[in-house]
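Please go through the model below with the sequence at hand. The text takes the nucleic acid surfaces, then the sheet, then the helices.

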Amino acid sequence: MTPEEAVAEQERLRPLVVPRADPGLVVRRVAGLDVSYADDDRLVAAVVVLDAATLETVDEVVVAGRADFPYVPGLFAFRELPSLMTALGELAAPPDLLVCDGQGLAHPRRFGLACHVGVLTDLPSVGVAKTPMGRFTPPGSARGEHSDLVDGGEVVGRALRTREGVKPVFVSVGHRVDLDRACAEVLRLCVTRLPETTRRADSLGRAHLR
DNA sequence: GCGACAG
DNA sequence: ATCTTGTCGC
């Protein structure tokens with residue numbers, strides 16, 4: 001797949017994104033997705049499912065793969081998607097929400113990793129990035145405070161303070177959720193700056209790299 | 001033309 | 001992404 005084809009694929013799938021939640025959406029099981037890289041082209045995709053109420057781990061999957069697509073800003077998903085999809089397919093049961101390590105609608109073509117994974121699985125998804133793709137004014141320093149993440153004149157996500165006085169994370173809608181709900185779910189998962197889903201998937205992946 | 005650019 | 005434990009500071 002060439003970068004040109006990747007862009008065309010994003011534009012083809014972009015209209016399928018549903019930026020709102022089903023009326024009765026209940027999130028009981030939340031999955032965290034993350035990919036770790038070795039020195040060569042090997043990588044490990046990890047998915048950890050947590051009970052949203054207790055934050056207890058209820059399922060884990062690790063998949064080894066290869067980075068066959070280069071890291072290109074805006075096309076980041078094409079690097080991690082193959083292995084992540086394989087891992088998701090090995091879960092005992094589909095989760096109610098996917099928490100991705102990267103952007104959702106906060107993307108140059110409004111189709112970041114979280115949107116892509118959401119559309120391919122048709123599961124609700126949110127993107128939680130550690131650095132912004134857009135501009136924002138720093139939110140208040142208390143946990144839960146937030147401000148708009150703006151790109152190209154539109155609000156594409158939110159800078160969310162998940163912990164008192166710590167750098168915010170950047171939340172954007174992936175698929176089948178709205179921004180308010182996305183932020184509420186992310187905040188609920190945060191004990192430290194990053195969601196527990198992301199932290200556990202990250203450590204699981206790293207452990208398997210050795 | 002120059003800079004910016006998720007992980 | 002990755003290099004990386006203890007340590008300084010509020």
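The residues of the surface near DNA strand B divide into 6 nonpolar, 6 polar and 2 charged. The model is a predicted one. In total, 14 residues surround DNA strand B, and the closest are Y71, D101, Q103, K130 and T131. Of the atoms of DNA strand B that come within 4 Å of the protein, 46% belong to sugar and phosphate.

Several polar contacts to this strand use the protein backbone. A polar backbone atom of G74 is 3.1 Å from a base nitrogen of DNA strand B. At L113, a backbone N or O atom also lies 3.1 Å from a base nitrogen of DNA strand B. K130 contributes a polar backbone atom too, but its partner is a phosphate oxygen of DNA strand B, at 2.7 Å.

K130 is also one of the residues around DNA strand C, together with S36, Y37 and R206. Here sugar and phosphate account for 100% of the strand atoms that come within 4 Å of the protein. The side chain of K130 has an N or O atom 3.0 Å from a phosphate oxygen of DNA strand C. K130 thus has a backbone contact to a phosphate oxygen of DNA strand B and a side-chain contact to a phosphate oxygen of DNA strand C. R206 places a polar side-chain atom 3.0 Å from a phosphate oxygen of DNA strand C. By class, the surface near DNA strand C has 1 nonpolar, 1 polar and 2 charged residues.

Turn now to the sheet. Its 8 strands form an open sheet with mixed pairing, in the order β3-β2-β1-β4-β5-β8-β7-β6. Which strands stand at the edges? They are β3 (57-66) and β6 (146-151), and each has a single partner strand, so one side of each is left without a neighbour in the sheet. From one strand to the next, the twist averages 25 degrees.

Two pairings illustrate the mixed pattern. Strand β1 (residues 29-37) runs parallel to strand β4 (residues 97-101), and 3 bridges join them. V30 has L97 in β4 as its bridge partner. At the β6 edge, β6 and strand β7 (residues 154-160) pair in the antiparallel sense over 6 bridges. V150 is matched there with V155 of β7 as its bridge partner. The two strands form a hairpin with 2 residues between them, and G152 in the turn has a positive phi of about 60 degrees.

Two helices pack against this sheet. Helix α2 (residues 77-89) lies across β1, β2 (42-51), β3 and β4, and runs at about 135 degrees to β1. Helix α3 (residues 113-121) touches β1, β4, β5 (125-129) and β8 (169-175), with its direction at about 145 degrees to that of β4.

How do the two helices meet? Two packed helices are described by the angle between their axes and the distance between the axes. The axes of α2 and α3 come within 11 Å and cross at roughly 40 degrees, and the crossing is right-handed. On the α2 side, the contact is made by A77, F78, E80, L81, L84, M85 and L88, and on the α3 side by L113, H116, V117, L120 and T121. These residues comprise 9 nonpolar, 2 polar and 1 charged. L113 therefore appears twice in this account: in the contact of α3 with α2, and through its backbone at a base nitrogen of DNA strand B.

Key. Residues are numbered from 1 along each chain as its sequence is written. Chains are lettered from A and ligands numbered from 1 in the order in which they are written. This is a predicted model: local features need pLDDT of at least 70, side-chain atom pairs count only at pLDDT 80 or more; totals for chains, interfaces and linings use all residues. Side-chain values use heavy atoms; hydrogens and water are left out. A residue is near a molecule or strand if one of its heavy atoms lies within 4 Å of it. A polar contact is a pair of N or O atoms within 3.5 Å; within protein, one must be able to donate a hydrogen and the other to accept it, and residues adjacent in sequence count only if both atoms are side-chain atoms. Ala, Val, Leu, Ile, Met, Phe, Trp, Tyr, Cys and Pro count as nonpolar, Asp, Glu, Lys and Arg as charged, and the others, Gly among them, as polar. Two strands pair if DSSP finds at least two bridges between them. Helices (H or I, at least four residues) and strands (E, at least two) are DSSP runs, numbered from the N terminus. Axes are lines fitted to C-alpha atoms, for helices over the stretch in contact, and angles run from 0 to 180 degrees between N-to-C directions. Contact means heavy atoms within 4.5 Å. A crossing is left-handed if the near helix is turned anticlockwise from the far one by less than a right angle, and right-handed if clockwise.
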